[in-house]
Amino acid sequence: MALVILTPFVGFLINGLRYKKHSANLAGTIATIAVGISFICSIILVADLISLPEETRKIAVSFFDWMAIDKLKVSAGFVIDQISAIMILVITGVGTLIHLFSIGYMHHDKGAAKYFSYLNLFIFNMLLLVLGDNLLVMFVGWEGVGLCSYLLIGFWFTDKEKAAAGMKAFVTNRIGDAAFLLGMFVLFLTFGTLNFAELNALAPTTVEASWLGAATLGTLFLFIGATGKSAQIPLYVWLPDAMAGPTPVSALIHAATMVTAGVYMIVRLNPMFMAAPNTMMVIAIIGAATAVFAATIGITQNDIKKVLAYSTVSQLGYMFLACGVGAFGAAMFHLMTHAFFKALMFLGSGSVIHAMHEEQDIRKMGGLKKYLPITHLTFFLGWLAIIGMPPFAGFFSKDEILAYAFNSPLGSPVLWAMGAIGATLTAFYMTRLMALTFWGKSRVPSDIHPHESPALMLIPLIVLGVLSVIGGWIGIPHVIGEYLGHIPNVWEHWLHPLIKPIPGFHHLDAVTEFTLMGISVTLAAISAAVAYHFYVRSPETPNRVAEKIKPIYNVVYHKYFVDEGYFAFIINPLVNISRNTWYYVDVNFIDKMTYLAGDLVRGMGSFARSIQTGNMQQYAMYIGIGVVVALSFVIMR
């Protein structure tokens with residue numbers, strides 16, 4: 001297990017020490033091999049895990065006792081079980097492909113060694129986060145990925161806009177992290193431990209109806225922390241701006257690592273969250289609202305990476321919706337399939353940007369299919385997966401979430417409808433992205449000559465494209481598996497021992513489940529067909545529609561003015577309060593009082609110095625005056 005965690009850290013040290021070197025090939029090779037070794041070790045560990053009996057399927061190590069303060073006893077303990085096994089395979093597997101792609105993408109960058117050292121450090125911290133057996137070790141990794149996201153998003157920090165994006169990610173995440181700390185405090189003060197296994201064992205057996213119960217308060221604070229790390233309402237605003245970093249960084253943050261941390265944390269503590277139905281309701285509502293809200297913004301964006309960024313926010317909403325209705329296995333399933341197709345699409349967008357000489361506006365593309373055949377084919381597979389077309393990976397995981405949202409005692413038809421609307425919108429804006437980028441007439445400027453990317457960048461696309469096709473079959477729904485020859489749902493069986501069952505849950509009958517699938521797939525297909533007609537067959541129609549609904553379009557195009565609202569009502573008032581506090585309290589009160597005290601002491605010192613002249617006659621006079629005063633005092637008393 002030490003090799004899994006430490007190999008990326010060794011890669012970070014090697015490239016970190018040679019951070020001024022310009023060779024992307026050597027730096028990238030070192031970093032890729034480091035993560036690749038970690039991936040191979042992960043496979044070996046997971047194979048060992050599979051060989052264990054199901055009831056004892058866990059590999060745990062404790063490297064040392066970290067701290068022991070009164071009741072707080074924490075060890076540097078790590079565990080691989082069914083949940084963390086999935087995470088380390090995704091992080092190191094997809095992470096290796098992203099590192100490999102980066103060698104080609106960053107080969108012109110003079111800071112390549114520094115870039116790859118940051119990537120390795122990111123993987124190291126993410127492994128700490130998912131392998132830690134307690135909340136405190138998780139929090140170290142939680143903060144580590146936050147630091148790395150700041151370094152990587154603002155990697156080209158000489159550009160003020162990119163530096164500001166890194167700072168925005170850092171500050172927004174700190175807000176959530178403060179809540180995460182409060183959640184840890186509440187759980188420790190109540191249950192006396194931060195160990196995941198012990199917390200889950202101590203979770204209340206009867207659900208808390210009160211909003212002020214320990215489990216409810218603790219999980220609510222932890223969920224607020226998750227909204228920051230996993231970009232949910234209201235702390236999602238940093239993720240679209242995170243596109244300022246190199247494109248492979250976007251793939252790493254959006255698909256395989258940081259943004260999935262919140263979902264993973266909730267699944268890891270699922271018995272504790274199940275004891276707090278109020279928290280679960282909040283998670284489900286926030287998740288469903290984020291899925292729809294972000295999807296509407298994605299319709300109007302013109303930057304290829306921004307469209308994908310809002311797509312990530314929306315897809316994370318589905319994962320939280322699944323958690324909120326108690327479908328933790330479905331949340332992890334979508335986390336994995338999303339890692340495949342979203343990493344594919346981000347790296348595909350990197351291939352497009354590489355071919356277009358850094359151009360990211362999809363209005364200046366079109367017809368790229370003939371210039372980038374492999375990029376187009378793999379992006380096409382990712383598109384089918386994300387819009388939920390059977391039998392691609394996204395279909396299985398998304399429809400499982402929708403089925404649970406409809407059928408779970410913690411769900412409702414309203415939540416299902418919100419999920420279905422989000423899926424319909426997703427099909428529209430992702431088809432728009434495909435059409436404006438690869439299909440229709442070319443709008444590429446005459447001075448740009450698109451070309452296919454080198455093999456080093458195409459190999460990861462092909463691997464991820466294959467995973468986007470076959471990755472969902474591991475969790476095939478029972479009703480479909482039965483019709484196809486009793487194909488087992490391996491995913492559900494794998495996670496079953498660690499997932500708390502939903503009280504009162506009964507599987508849907510086959511007719512209802514097929515009906516729900518049919519509705520969501522049909523809506524997505526119609527939506528995709530409409531988008532294809534708009535942006536390929538009749539490209540003047542979108543402008544006419546936008547003109548007819550101009551007020552609504554402008555609001556959505558400007559992202560509901562959320563950033564502006566934050567600046568107007570929160571950030572600017574806080575800046576003004578801070579500036580006034582600095583001026584009136586620090587400068588005009590504390591500083592002046594300090595200067596006054598200094599002047600007083602200095603004056604007293606000057607006076608004392610003035611009477612120490614070395615003149616013996618003067619000293620004799622002072623002694624005489626003192627004797628007279630003392631005698632006068634004694635006599636008069």
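Trainee: Is the crossing of H2 and H3 left-handed or right-handed?

Mentor: This is a predicted model. Helix H2 covers residues 24-51, and helix H3 covers residues 82-105. The two pack together with their axes 8 Å apart. Their crossing is left-handed.

Trainee: How are H2 and H3 oriented to each other, roughly parallel or roughly antiparallel?

Mentor: Start with the packing angle, about 160°. Angles over 145 degrees count as roughly antiparallel. Therefore H2 and H3 are roughly antiparallel.

Trainee: Which helix gives the most to the nonpolar patch?

Mentor: The patch lies on the surface and spans about 820 Å². Its members include Ile-374, Trp-473, Tyr-483 and Phe-514. One helix, residues 455-470, supplies three residues. That top contributor is helix H19.

Trainee: Does Ile-470 count as buried, partly exposed or exposed?

Mentor: Ile-470 sits in helix H19 and belongs to the nonpolar patch. Its relative accessibility is 49%. Buried means under 20%, and exposed means over 50%. So Ile-470 counts as partly exposed.

Trainee: What about Ala-417, buried or partly exposed?

Mentor: Ala-417 is placed in helix H18, residues 413-438. Its relative accessible area is 28%. The buried class ends at 20%, so Ala-417 is partly exposed.

Trainee: How many Å apart in space are Ala-417 and Lys-306, C-alpha to C-alpha?

Mentor: Along the sequence, Ala-417 and Lys-306 are 111 residues apart. In space, the C-alpha to C-alpha separation is 26 Å.

Note on methods: Residues are numbered from 1 along each chain as its sequence is written. This is a predicted model: local features need pLDDT of at least 70, side-chain atom pairs count only at pLDDT 80 or more; totals for chains, interfaces and linings use all residues. Side-chain values use heavy atoms; hydrogens and water are left out. Patches are made of residues with over 30% relative accessible area and no salt bridge: like charges are joined within 9 Å, nonpolar side chains (Val, Leu, Ile, Met, Phe, Trp, Tyr) within 5 Å. Accessible areas come from the Shrake-Rupley method with a 1.4 Å probe; for residues, only the protein chains shown count as cover. A salt bridge is a side-chain nitrogen of Lys or Arg within 4 Å of a carboxyl oxygen of Asp or Glu. Helices (H or I, at least four residues) and strands (E, at least two) are DSSP runs, numbered from the N terminus. Buried means under 20% relative accessible area, exposed over 50%, partly exposed in between (1.4 Å probe, protein chains only). Axes are lines fitted to C-alpha atoms, for helices over the stretch in contact, and angles run from 0 to 180 degrees between N-to-C directions. Angles under 35 degrees count as roughly parallel, over 145 as roughly antiparallel, 65 to 115 as roughly perpendicular and the rest as oblique. A crossing is left-handed if the near helix is turned anticlockwise from the far one by less than a right angle, and right-handed if clockwise.
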